[in-house]
Amino acid sequence: MSRSVACIDYRDGKVFIAKRQAGGDMGGRWEFPGGKIEDDEDFSTAIFREMKEEFGVDIIVGSHITQSTFEHNGKRCTLDVFEVTFPHQGDKKRFTLTEHTDYRWADIDEIPSLDFVDSDLSVYKCVKEWVSK
């Protein structure tokens, strides 16, 4: 089973999202950033590594928000969603993008209208409930 993490930084009424590079079945689509957990990693280690690789920043890992299990290309996958805090919002000082072409802070209600990856849409309802607390 494949294990992945998705990261939610929510502040000032907006959630951080990123647009994947073109290519593959999820290319060019928006997502909650994250990635695969390597065999020797725990959640925090994987999240920290992914955010450093993808955005060039050290983040703070917060609480577990939710989990979803789904099938992708015939393979069973688990997605765990965590609260994270980026060191800044990436506006005055841009994040270094290696896996994405763009990022922005989006209103949680606009997520379903964006071309969002299916796995992240599977956790959208729980994320929306979490940010509404």
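## A walk through the sheet and its pocket

Let's start with the open sheet: four strands in the order β5-β1-β7-β6, with mixed pairing. β5 and β6 are the edge strands, each with a single partner, so one side of each has no neighbour in the sheet. From one strand to the next, the twist averages 20 degrees. Two strands count as paired if DSSP finds at least two bridges between them. The strands themselves (E, at least two residues) and the helices (H or I, at least four residues) are DSSP runs, numbered from the N terminus.

A word on what you are looking at: this is a predicted model, in which local features need pLDDT of at least 70 and side-chain atom pairs count only at pLDDT 80 or more, while totals for chains, interfaces and linings use all residues. Residues are numbered from 1 along each chain as its sequence is written, and side-chain values use heavy atoms, with hydrogens and water left out.

Now take the strands pair by pair. β1 covers residues 2-8, and seven bridges join β1 to β7 (residues 75-85), the two running parallel. One pair to look for here is C7 in β1 with its bridge partner F82 in β7. With β5 (residues 34-36), β1 pairs in the antiparallel sense over three bridges. There, V5 stands opposite G35, and A6 has G34 as its bridge partner.

At another join, 10 bridges link β6 to β7, and these strands run antiparallel. Here H64 is partnered with F82 of β7. β6 and β7 form a hairpin with two residues between them, and N73 in the turn has a positive phi of about 50 degrees. Why mention that sign? Because most residues other than glycine have a negative phi. D12 is another case: its phi is near 50 degrees, a positive value in a residue other than glycine. You'll find D12 in the loop between β2 (10-11) and β3 (14-20).

What about the helices? α1 (43-55) lies across β1, β5, β6 and β7, running at about 115 degrees to β5. Helix α3 (residues 124-131) also packs on the sheet, touching β1, β6 and β7, and its direction makes about 160 degrees with that of β6. For these angles, axes are lines fitted to C-alpha atoms, for helices over the stretch in contact, and the angles run from 0 to 180 degrees between N-to-C directions. Contact means heavy atoms within 4.5 Å.

Next, which parts are covered up? Buried means under 20% relative accessible area, exposed over 50%, and partly exposed in between, using a 1.4 Å probe and protein chains only. By that yardstick β1 is mostly covered, with six of its seven residues buried. S2, which sits in β1, is buried because its relative accessible area is 11%. Neighbours within four places in sequence aside, S2 is in contact with K36, K75, R76, C77 and T78.

Over in β6 there is I65, buried with a relative accessible area of 16%. Not counting residues up to four places away in sequence, I65 touches I8, V81, F82, E83, C126 and W130. E83, in β7, counts as partly exposed because its relative accessibility is 27%. Among the contacts of E83 are I8, I60, V61 and W130. The loop residue D12, at 69%, is exposed.

Finally, have a look at the largest pocket, which holds about 650 Å³ of space. A pocket is found on a 1 Å grid over the protein atoms alone, as an open set of points with protein on both sides within 12 Å along at least five of seven lines; a cavity is a set of points where a 1.4 Å probe fits but cannot get out, and lining residues have an atom within 4 Å of a point. Grid points are joined across faces, edges and corners, and the volume is the space filled by probe spheres set on the points.

Which residues lie nearest the centre of this pocket? Of the 30 lining residues, they are S4, R20, M26, E31 and K36. β1 gives the most to the lining, with four residues, while β1, β5, α1, β6, β7 and α2 (118-121) each supply at least two. By class, the lining has eight nonpolar, 11 polar and 11 charged residues. Nonpolar here covers Ala, Val, Leu, Ile, Met, Phe, Trp, Tyr, Cys and Pro, charged covers Asp, Glu, Lys and Arg, and the others, Gly among them, are polar.
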